[in-house]
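I opened this notebook to record what I looked up in the structure. The entries follow the order in which I looked.

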Amino acid sequence: MQVNTDNAKTGLVARTAAFFNNSVLSDVEVQVKDDTGNYRTFYAHKLILAMAGNAFISLYNVNSKVIKIVDSSPDTVYSMLKYLYTDEINLLCMEDAVNLFKLARNYSVRDLERICSKYILGGEINLDNLFAKYECALSLNFSDLLQSCRRFIECNTKAVFSSKGFCDASSAVVGDILSQNCLNVSSELVVISAAYKWSESECRRKGRPTEMLCMRDAIEPLLKHLRFLALTADEFCDLVETCEIFTSYESTLITRKILQPACDVKLPKYLCSLTMPRQSYSSMQSSNVNYKPNFTDFNTQKLEHCKMGRHFDTSAKV
């Protein structure tokens, strides 16, 4: 088999490009498992790989002629190899950039890392790309991008909570959002409603019914971020009546703590003990999206059986 070097381009890159995924003089095969469990094989050359990053130099110290990559997709590996041979890269979406960034980091291809990170960090944050960027910031530890995502949410909390992207977001992203002190909401009920809505979507993603036990299982990791003690007793009682995610024991503890803040009742560690409301950004210009909680309007429909000073009891159990 011959190598075709007769093209309009000249220089070292043009000459190495002719050997991309070419078996001629190939001294190593890169094997990557696809979605079907089969391996896709790419032909490569140790010298080209070693020129790209220090992680590949160790190939000279082993006799194996096969590199198996198990933590990346064939398409991502193909894109990296193409870049190593041709200096060409075509990033079409955030997911491609993130996957390629991780692979480049694993193999110390620093210039490809920089190209991918520039793509990830570039452009303004909006509702269409917020959650992809947020996921990147958390998983790749991009602190500047993370702060930018948080600032966007501070000013546009209601629009973010109303978006489809919020319901589709990972638990890590949702947990980080709900842990923030600064959210532009009028009441903690808005935050709790968003968490409840996300939990419904999480149940459906896992093929589980949106019933009490399943909902509790989905929302439990978020309970430590939800400030139930920032509610009034009436608001919390309405919440318990409508959202069956609390045990009777938990309901009693929280109600007592709301009614008697100075009492020595201690909440379980998985429940939030903060009593201060979120810092409001009502003075900022935020999205005009009309947001309404998915469950009953707690501020207007009070339950007669849960007046101030009366112990609360519920049959809702987990």
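The entries below go from the whole protein to one helix and then to its empty spaces.

**Entry 1: the whole protein.** I noted before all else that the model is predicted. I looked up the secondary structure and found 14 helices and three strands. I then looked up burial: of the 318 residues in the protein, 47% are buried. For the surface, I recorded an exposed area of about 17,200 Å², with carbon and sulfur atoms supplying 48% of it. I also looked up contacts between residues at least 6 apart in sequence, and 66% of these join residues at least 24 apart.

**Entry 2: helix H5.** I turned to helix H5, which covers residues 110-121 and has 12 residues. From its first C-alpha to its last, H5 reaches 16 Å, close to the 16 Å expected at 1.5 Å a residue. Which residues of H5 are buried? I listed Leu112, Glu113, Cys116, Ser117 and Ile120. These residues lie on the same side of H5, because they cover an arc of only 130 degrees around the axis. I added a general remark on the spacing: an α-helix has 3.6 residues a turn, so residues three or four places apart point the same way. On the other side of H5, I found Arg114 and Lys118 exposed.

**Entry 3: around H5.** I asked what covers the buried residues of H5. The cover includes helix H3 (74-86) and helix H4 (94-106), as well as helix H6 (130-140) and helix H7 (143-155). I also noted glycine 123, just after H5, which takes a positive phi of about 80 degrees.

**Entry 4: the largest pocket.** I recorded a volume of about 220 Å³ for the largest pocket. Its lining includes Leu12, Val13 and Thr16, together with Ile48, Met51 and Ala52. Tyr83, Leu84, Tyr85 and Thr86 also line this pocket, as do Asp87 and Asp111. Which helix gives the most to the lining? I found that H3 does, with four residues. Helix H1 (12-17), helix H2 (46-52) and H3 each supply at least two residues.

**Entry 5: the cavity.** I looked for cavities of 30 Å³ or more and found one. About 30 Å³ of space lies in the largest cavity. Its lining consists of Val30, Leu49, Phe56, Ile67, Ile69, Met80 and Leu81. Strand E3 (66-69) and H3 are the elements that give two or more residues to this lining. I closed with a note on H3, which appears in the cover of the buried residues of H5, in the lining of the largest pocket and in that of the largest cavity.

Conventions
Residues are numbered from 1 along each chain as its sequence is written. This is a predicted model: local features need pLDDT of at least 70, side-chain atom pairs count only at pLDDT 80 or more; totals for chains, interfaces and linings use all residues. Side-chain values use heavy atoms; hydrogens and water are left out. The expected span of a helix is 1.5 Å times one less than its number of residues. Buried means under 20% relative accessible area, exposed over 50%, partly exposed in between (1.4 Å probe, protein chains only). The arc is that of the directions from the helix axis to the C-beta atoms. Contact means heavy atoms within 4.5 Å. Accessible areas come from the Shrake-Rupley method with a 1.4 Å probe; for residues, only the protein chains shown count as cover. On a 1 Å grid over the protein atoms alone, a cavity is a set of points where a 1.4 Å probe fits but cannot get out, and a pocket is an open set with protein on both sides within 12 Å along at least five of seven lines; lining residues have an atom within 4 Å of a point. Grid points are joined across faces, edges and corners, and a volume is the space filled by probe spheres set on the points.
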